[in-house]
Number of protein chains: 2
Amino acid sequence: MTTISIIGSGNMAAAIGTRAAKHGHTVELLSRNTAKAQALADQIGEGATVGTFGATPAGDIVIVAVPYTSVVDAVAKYGEALAGKILVDISNPFNADASGLVTTSSAAQEIAAAAPESAHVVKALNTIFGHVLAKGTPLDAFIAGDSAEAKSAVAEFLESVGLRTLDAGGLPAAAILESAGLLLVGLARNGAGFDLALGAEVH
Amino acid sequence: MTTISIIGSGNMAAAIGTRAAKHGHTVELLSRNTAKAQALADQIGEGATVGTFGATPAGDIVIVAVPYTSVVDAVAKYGEALAGKILVDISNPFNADASGLVTTSSAAQEIAAAAPESAHVVKALNTIFGHVLAKGTPLDAFIAGDSAEAKSAVAEFLESVGLRTLDAGGLPAAAILESAGLLLVGLARNGAGFDLALGAEVH
């Protein structure tokens with residue numbers, strides 16, 4: 001059991017926070033919108049707290065659950081307050097109709113460039129719809145990152161909330177996971193429906 | 001039951017041909033290497049035949065099972081012999097260490113540009129390792145293509161050999177499936193092993 005800090009107070013923050021609290025973690029919510037964060041903390045319960053946006057998060061793992069369009073700005077605003085932290089990037093840098101990506105790098109690599117050097121970025125959870133994650137069922141969670149230690153810590157957290165972690169490789173593989181986010185949306189729209197999650201099975 | 005033409009005589013041609021023949025389809029193999037194609041036809045059995053490379057394939061569905069590096073050349077060589085056919089592109093345009101793609105478009109779109117206008121390209125089977133496909137177990141098969149009719153015909157074939165078809169969208173989504181090919185390799189190399197196949201589940 002550990003403290004999980006979540007920057008954001010939307011759909012994904014709610015799904016991750018609820019799932020984390022249900023499995024015994026202490027959740028800290030950090031949002032520019034303090035009222036919304038407090039409402040979410042009350043909803044999550046289990047001792048969830050609201051921290052000060054921009055101050056050093058309480059948890060070693062900080063899940064950055066804001067939309068792609070504001071994620072680099074949020075991380076830059078935090079600056080050195082994120083030194084030494086494990087930053088979990090769950091964002092999807094989709095274009096307007098979610099048919100392609102708007103970056104030739106990856107959101108995760110852009111976040112790594114904006115974060116303190118001592119922080120470690122791990123891509124995760126971008127291939128799971130928030131409402132599917134919220135159901136609490138077992139799911140596969142793809143991750144990518146350059147720090148084996150950080151990936152191991154994130155994997156331990158994900159496994160603790162009922163997800164099976166599958167490692168896709170180093171941080172550049174975040175681009176592959178962001179494309180997998182497009183795949184999820186494409187499958188959902190073309191007949192499979194939005195209760196879908198990607199996975200991988202051994203045969 | 002239908003005639004399936006396969007251009008190629010390698011690992012994927014063997015896996016697809018064997019699976020098709022086992023489920024009652026007639027397999028025609030087309031390869032520059034006639035001796036290799038004949039050996040594969042003998043191995044597949046069930047009435048599998050060897051056609052003339054470059055001549056009009058017998059099947060309405062033509063699976064182009066040659067490596068990415070020679071696939072556009074092979075399709076161009078066939079030229080008008082592929083008029084009206086459904087071309088199934090299974091190729092993966094990977095770079096040397098399979099960490100990225102060597103095209104900014106997609107192999108499927110490159111093939112469509114090289115094929116007769118009346119041909120319809122469907123991306124499929126590039127996210128399944130040949131040796132996993134050869135096991136004969138049920139698997140998810142992602143497809144993409146612009147012709148709903150062609151996708152429907154390919155889906156019917158794939159379902160007939162025990163695969164569940166999941167539609168990712170139009171032909172540009174082939175790029176997303178080619179990135180999913182990278183994901184498969186990445187997961188395999190980073191702990192999941194090579195008996196892995198991608199899939200999607202409703203939750």
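By what turn, and with what shift along the axis, can chain B be laid on chain A? Here are some friendly notes to help you find your way around this predicted model.

1. **How the copies are related.** A turn of 180° with a shift of 0.0 Å along the axis lays chain B on chain A, and the RMSD is then 0.0 Å. The two copies are thus related as by a two-fold rotation axis. If you would like to find that axis on screen, look for Gly199(B): within chain B, its C-alpha is the one nearest the axis, at 2.6 Å. Both copies use the same surface, as 100% of the contact residues of chain B recur in chain A.

2. **How much is buried.** On the chain B side, 30 residues are in contact with 30 residues of chain A. Together the two chains bury about 2300 Å², and 65% of this lies on carbon and sulfur atoms. Three residues are worth picking out here: Ile176(B), Leu183(B) and His203(B) supply 28% of the area that chain B buries against chain A, more than any other three residues.

3. **Polar and charged partners.** What does the count of salt bridges between chain B and chain A come to? It is zero. Polar contacts are another matter: nine residue pairs are in polar contact between the two chains, counting pairs with both residues at pLDDT 80 or more.

4. **Which elements take part.** In chain B, strand 7 (139-145), strand 8 (163-167), helix 7 (174-192) and strand 9 (196-202) each supply at least two residues of the side that touches chain A. Helix 7 of chain B gives the most, with ten residues. Sorted by class, this side of chain B has 18 nonpolar, eight polar and four charged residues.

5. **Strands that pair across the chains.** Strand 9 (residues 196-202) of chain A pairs with strand 9 of chain B in the antiparallel sense, over seven bridges. To see how they line up, start from Ala197(A), which stands opposite Glu201(B).

6. **The sheet within chain A.** Chain A also has an open sheet of eight strands with mixed pairing, in the order 3-2-1-4-5-6-7-8. Strand 3 (49-50) and strand 8 (163-167) of chain A stand at the edges with a single partner strand each, so one side of each is left without a neighbour in the sheet. At the strand 3 end, strand 2 (residues 26-30) of chain A runs parallel to strand 3 and is joined to it by two bridges. Leu29(A) has Val50(A) of strand 3 as its bridge partner.

Technical notes. Residues numbered from 1 in each chain as written. Chains lettered and ligands numbered in written order. Predicted model: local features only at pLDDT ≥ 70, side-chain atom pairs only at ≥ 80, totals over all residues. Heavy atoms only, no water. Least-squares fit on C-alpha atoms with pLDDT ≥ 70 in both. Contact = heavy atoms within 4.5 Å. Buried area = accessible area lost by both parts, 1.4 Å probe. Salt bridge = Lys/Arg side-chain N within 4 Å of Asp/Glu carboxyl O. Polar contact = N/O pair within 3.5 Å; in protein donor to acceptor, adjacent residues only side chain to side chain. Helix = DSSP H or I, 4+ residues; strand = E, 2+ residues; numbered from the N terminus. Nonpolar A, V, L, I, M, F, W, Y, C, P; charged D, E, K, R; others polar. Pairing = 2+ DSSP bridges.
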